[in-house]
Amino acid sequence: MSQISYALGRGYLASVRLYAQHWMWRFQLGYLLHPTIPQDKEDLKIADVACGTGIWLIEAARTLPASTQLDGYDISPAQYPPKEWLPKNVNLNVFDMLDPVPKELIGKYDVVHVGLIVMVVRNENPTPVLNNLTALLKPGGYLQWDESDMNSLTVTPADGLTPHPRFDEYLSSRTNGYEKDKERFLISTAPPCRWATQIDNLFIGHGLELCFYQRLPIKDEIKKPWTDVQVTAAGEQIKNVVIPACKEGEEPSPEKWLQLLDGLVAESQQNQAHTMDMIIAVGRKAMQ
Ligand SMILES: C[S@@+](CC[C@H](N)C(=O)[O-])C[C@H]1O[C@@H](n2cnc3c(N)ncnc32)[C@H](O)[C@@H]1O
């Protein structure tokens with residue numbers, strides 16, 4: 001089991017954030033599984049790893065044949081709905097995706113989906129995660145990875161002019177904080193996540209045939225809810241990770257962090273968009 005805890009909350013507000021993110025991704029992409037992945041086969045086996053609330057699978061069950069098996073895995077079941085409320089073909093399980101893949105899951109799935117796992121990848125090294133995701137696939141199976149590219153974090157005012165000093169401070173505190181205290185910031189979204197700009201090459205390097213790769217900036221229509229969600233996540237990280245790790249007498253103090261958070265909220269209400277690009281990559285495992 002991974003030793004480092006999780007920076008985001010798992011309470012009801014964190015679930016609201018995940019549901020909102022999920023539907024914003026759908027709104028922008030218009031699909032759950034990219035059309036390059038064959039989806040009309042009977043008895044497809046699909047896994048969603050680090051599935052959070054399980055909503056991706058629950059929605060997939062509405063459009064895929066009833067014979068599809070939809071299995072979710074997450075290190076914590078805290079955000080799962082009760083099994084009584086799940087579609088009959090959805091099963092949610094507990095699994096640490098950094099642990100070795102159990103024998104019975106090796107080569108089990110036609111499709112593996114994973115989304116928004118910047119906080120799961122440790123030490124800027126996605127190889128253990130990719131090895132496990134590909135181990136779950138049958139020969140010829142497909143991996144779809146949807147990720148937010150933290151390298152492209154940017155703040156843009158609606159009028160193109162209004163300055164955003166608190167967001168600037170926040171973004172530079174993330175970068176500086178990571179350089180100063182890697183272990184602490186590794187569990188927030190502060191790590192550089194440079195690998196996220198390389199998912200296409202990573203797929204190829206891990207023996208996958210790259211079937212689809214796209215980088216998408218956030219559309220204007222969803223900049224407002226996207227920003228609200230990002231500010232919520234920033235609040236969770238500041239309160240869950242950054243403040244508890246503050247040392248007595250050291251700057252920035254917990255009060256300064258809370259003032260910064262108030263500043264982010266205020267600037268986001270003054271039509272500053274805080275966004276990053278979406279990345280979608282689809283790869284196919286070799287037949288043998
Ligand atoms: C940002 S959430 C994304 C959830 C879901 N994929 C979505 O898009 O709504 C990241 C998820 O990764 C899970 N997670 C963190 N570390 C994990 C690990 N080592 N193995 C499996 N899941 C993990 C968290 O519990 C959380 O549900």
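# Group meeting: a walk through the predicted model

Let's start in the middle. In strand 4, 7 of the 7 residues are buried, so the strand is largely enclosed by the rest of the structure. Keep in mind that this is a predicted model.

Now the sheet around strand 4. What is the order of the strands in this open sheet? The order is 3-2-1-4-5-7-6, for 7 strands, and the pairing is mixed. Two strands stand at the edges: strand 3, residues 90-94, and strand 6, residues 208-216. Each has a single partner strand, so one side of each is left without a neighbour in the sheet. On average, neighbouring strands here are turned by 20 degrees against each other, direction ignored.

A word on pairing. Strands of a sheet pair through backbone hydrogen bonds, and they do this either parallel or antiparallel. Which sense do we get for strand 1 and strand 4? Parallel, over 4 bridges. Strand 1 covers residues 45-49, and strand 4 covers residues 109-115. Take two residue pairs from it. Isoleucine 46 stands opposite valine 111 in strand 4. Valine 49 has valine 114 of strand 4 as its bridge partner.

Strand 4 also pairs with strand 5, residues 137-157. This pairing is parallel too, over 6 bridges. Here we meet valine 114 again: it stands opposite tryptophan 145 in strand 5.

Next, the cores. The largest nonpolar core has 45 residues. Which of them touch the most other members? Val49, Val112 and Leu133 do. The largest share of this core comes from helix 2, residues 55-63, with 5 residues. Look at leucine 133 in detail. Leave aside its neighbours within four places in sequence. Leucine 133 is then in contact with Val49, Val112, Val114 and Leu143. There is also a second, separate core. This one has 12 residues, including Val155, Ala234, Val241 and Ala273.

On to the ligand. How many residues surround the ligand? The count is 19. The closest are Ala50, Gly52, Ile75, Met97 and Gly115. By type, the shell divides into 10 nonpolar, 7 polar and 2 charged residues. Helix 1, residues 12-29, gives the most to this shell, with 3 residues.

Stay with helix 1 for a moment. Glutamine 28 is found in this helix. Is glutamine 28 buried or partly exposed? Glutamine 28 has 15 other C-beta atoms within 10 Å, so it is partly exposed; a buried residue would need 20 or more. Beyond its neighbours within four places in sequence, glutamine 28 is in contact with Leu216, Lys219, Ile222 and Met278. Now set it against proline 139. The two are 111 residues apart in sequence and 31 Å apart in space, C-alpha to C-alpha.

Now some loops. Isoleucine 243 lies in the loop between helix 7, residues 223-242, and helix 8, residues 254-269. With 17 other C-beta atoms within 10 Å, isoleucine 243 is partly exposed. Its contacts, leaving aside neighbours within four places in sequence, are Ile238, Pro254 and Trp257. Isoleucine 243 and leucine 258 are 15 residues apart in sequence and 8.7 Å apart in space, C-alpha to C-alpha.

The loop between strand 4 and helix 3 holds two residues to look at. One is methionine 119. Methionine 119 is partly exposed, with 18 other C-beta atoms within 10 Å. Methionine 119 and alanine 245 are 126 residues apart in sequence, and 17 Å apart in space, C-alpha to C-alpha. The other is glutamate 124, where helix 3 is residues 127-136. With 13 C-beta neighbours inside 10 Å, glutamate 124 counts as partly exposed.

Last topic: phi. Most residues other than glycine have a negative phi. Glutamate 124 has a positive phi of about 60 degrees, although it is not a glycine. Asparagine 271 has a positive phi as well, about 65 degrees, and it is not a glycine either. Where does asparagine 271 lie? In the loop between helix 8 and strand 7, residues 272-285. Asparagine 271 counts as partly exposed, with 15 C-beta neighbours inside 10 Å.

Definitions and conventions. Residues numbered from 1 in each chain as written. Predicted model: local features only at pLDDT ≥ 70, side-chain atom pairs only at ≥ 80, totals over all residues. Core = buried A, V, L, I, M, F, W, Y, C linked by C-beta atoms within 7 Å. Contact = placed C-beta atoms within 7 Å. Near = placed C-beta within 6 Å. Nonpolar A, V, L, I, M, F, W, Y, C, P; charged D, E, K, R; others polar. Pairing = 2+ DSSP bridges. Axes fitted to C-alpha atoms, helices over the stretch in contact; angles between N-to-C directions.
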